[in-house]
Amino acid sequence: MSVTKVRQVNWKEFNKRSDELLKELQKTLLPDHTDEVIAIEVESGGYVLGKTPTETALKFWEQFPDKLMFLVRVDGGAVVKYHDRVRR
């Protein structure tokens, strides 16, 4: 029987650190990488860039296996947008 280790995450701290790192990285990445996606490893501050969320996530997991990622566009915009329409 294998045991899975459950990671305890302070989401408030994770979000705060993610925002701080993104703001610092934007100073060097903008405007050249505005439309790219960035995945940030919050503990180390390491990151990877990609053209799509999937490409970026795969690069991230290759470089930072078993780590949590903060995934967003370099300009801070949403990576995925959901649209819903009301059916009548």
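These questions and answers cover the fold, strand pairing, salt bridges, aromatic pairs and largest pocket of a predicted model. Residues are numbered from 1 along each chain as its sequence is written, and side-chain values use heavy atoms, with hydrogens and water left out. As the model is predicted, local features need pLDDT of at least 70 and side-chain atom pairs count only at pLDDT 80 or more, while totals for chains, interfaces and linings use all residues.

Me: In what order do the elements of the chain run from the N terminus on?
Reply: Helices (H or I, at least four residues) and strands (E, at least two) are DSSP runs, numbered from the N terminus. The chain has two helices and three strands. Their order from the N terminus is α-β-β-α-β.

Me: What percentage of the residues in the chain is buried?
Reply: Buried means under 20% relative accessible area, exposed over 50%, and partly exposed in between (1.4 Å probe, protein chains only). The chain has 88 residues. The buried share is 31%.

Me: Which residues of β1 are buried on each side?
Reply: In a regular strand the side chains alternate between the two faces of the sheet. Strand β1 spans residues 37-41, and five of its five residues are buried. Both faces are covered. One side holds V37, A39 and E41; the other holds I38 and I40.

Me: How many bridges join β1 to β2?
Reply: Two strands pair if DSSP finds at least two bridges between them. Strand β2 covers residues 47-50 and runs antiparallel to β1. V37 stands opposite G50 in β2. The number of bridges is four.

Me: Which residue in the turn of the β1 and β2 hairpin has a positive phi?
Reply: The two strands form a hairpin, with five residues between them. The phi in question is about 85 degrees. It belongs to G45.

Me: Which residue in β3 is the bridge partner of I40?
Reply: Strand β3 covers residues 69-73. It pairs with β1 in the antiparallel sense, over five bridges. The partner of I40 is F70.

Me: How many salt bridges does a search of the whole structure find?
Reply: Side chains of opposite charge can pair when their charged atoms come close. Here a salt bridge is a side-chain nitrogen of Lys or Arg within 4 Å of a carboxyl oxygen of Asp or Glu. Among them is R73 with D75, at 2.3 Å from N to O. The search finds four.

Me: How far apart are the closest N and O atoms of E24 and K27?
Reply: Both residues lie in helix α1 (residues 11-29). They are three residues apart, so about one helical turn separates them. E24 is partly exposed at 48%, and K27 is exposed at 61%. The closest N and O atoms are 2.9 Å apart.

Me: With which residue does E55 form a salt bridge?
Reply: The partner is four residues away in helix α2 (residues 53-63), about one helical turn. E55 is partly exposed, with a relative accessible area of 30%. The partner is also partly exposed, at 36%. The closest N and O atoms are 3.2 Å apart, and the residue is K59.

Me: Are R73 and D75 buried, partly exposed or exposed?
Reply: R73 has 27% relative accessibility. D75 has 29%. Each therefore counts as partly exposed.

Me: What is the geometry of the W11 and F14 pair?
Reply: Rings of Phe, Tyr and Trp (its six-membered ring) pair if their centres lie within 6.5 Å; planes under 30 degrees apart count as stacked, over 60 as edge-to-face and the rest as tilted. By this rule there are two aromatic pairs. W11 and F14 have centres 5.4 Å apart and planes at 75 degrees. The pair is edge-to-face.

Me: Which of W11 and F14 is buried, and which is partly exposed?
Reply: Both lie in helix α1, three residues apart. W11 has 48% relative accessibility and is partly exposed. At 13%, the buried residue is F14.

Me: What kind of aromatic pair do F60 and F64 form?
Reply: F60 is buried at 0%, and F64 is buried at 12%. Their ring centres lie 5.0 Å apart, with 40 degrees between the planes. The pair is tilted.

Me: How many nonpolar, polar and charged residues are in the lining of the largest pocket?
Reply: Lining residues include R7, F14, E41 and K67; they have an atom within 4 Å of a pocket point, on a 1 Å grid over the protein atoms alone, where a pocket is an open set of points with room for a 1.4 Å probe and protein on both sides within 12 Å along at least five of seven lines. Ala, Val, Leu, Ile, Met, Phe, Trp, Tyr, Cys and Pro count as nonpolar, Asp, Glu, Lys and Arg as charged, and the others, Gly among them, as polar. The lining has four nonpolar, two polar and five charged residues.
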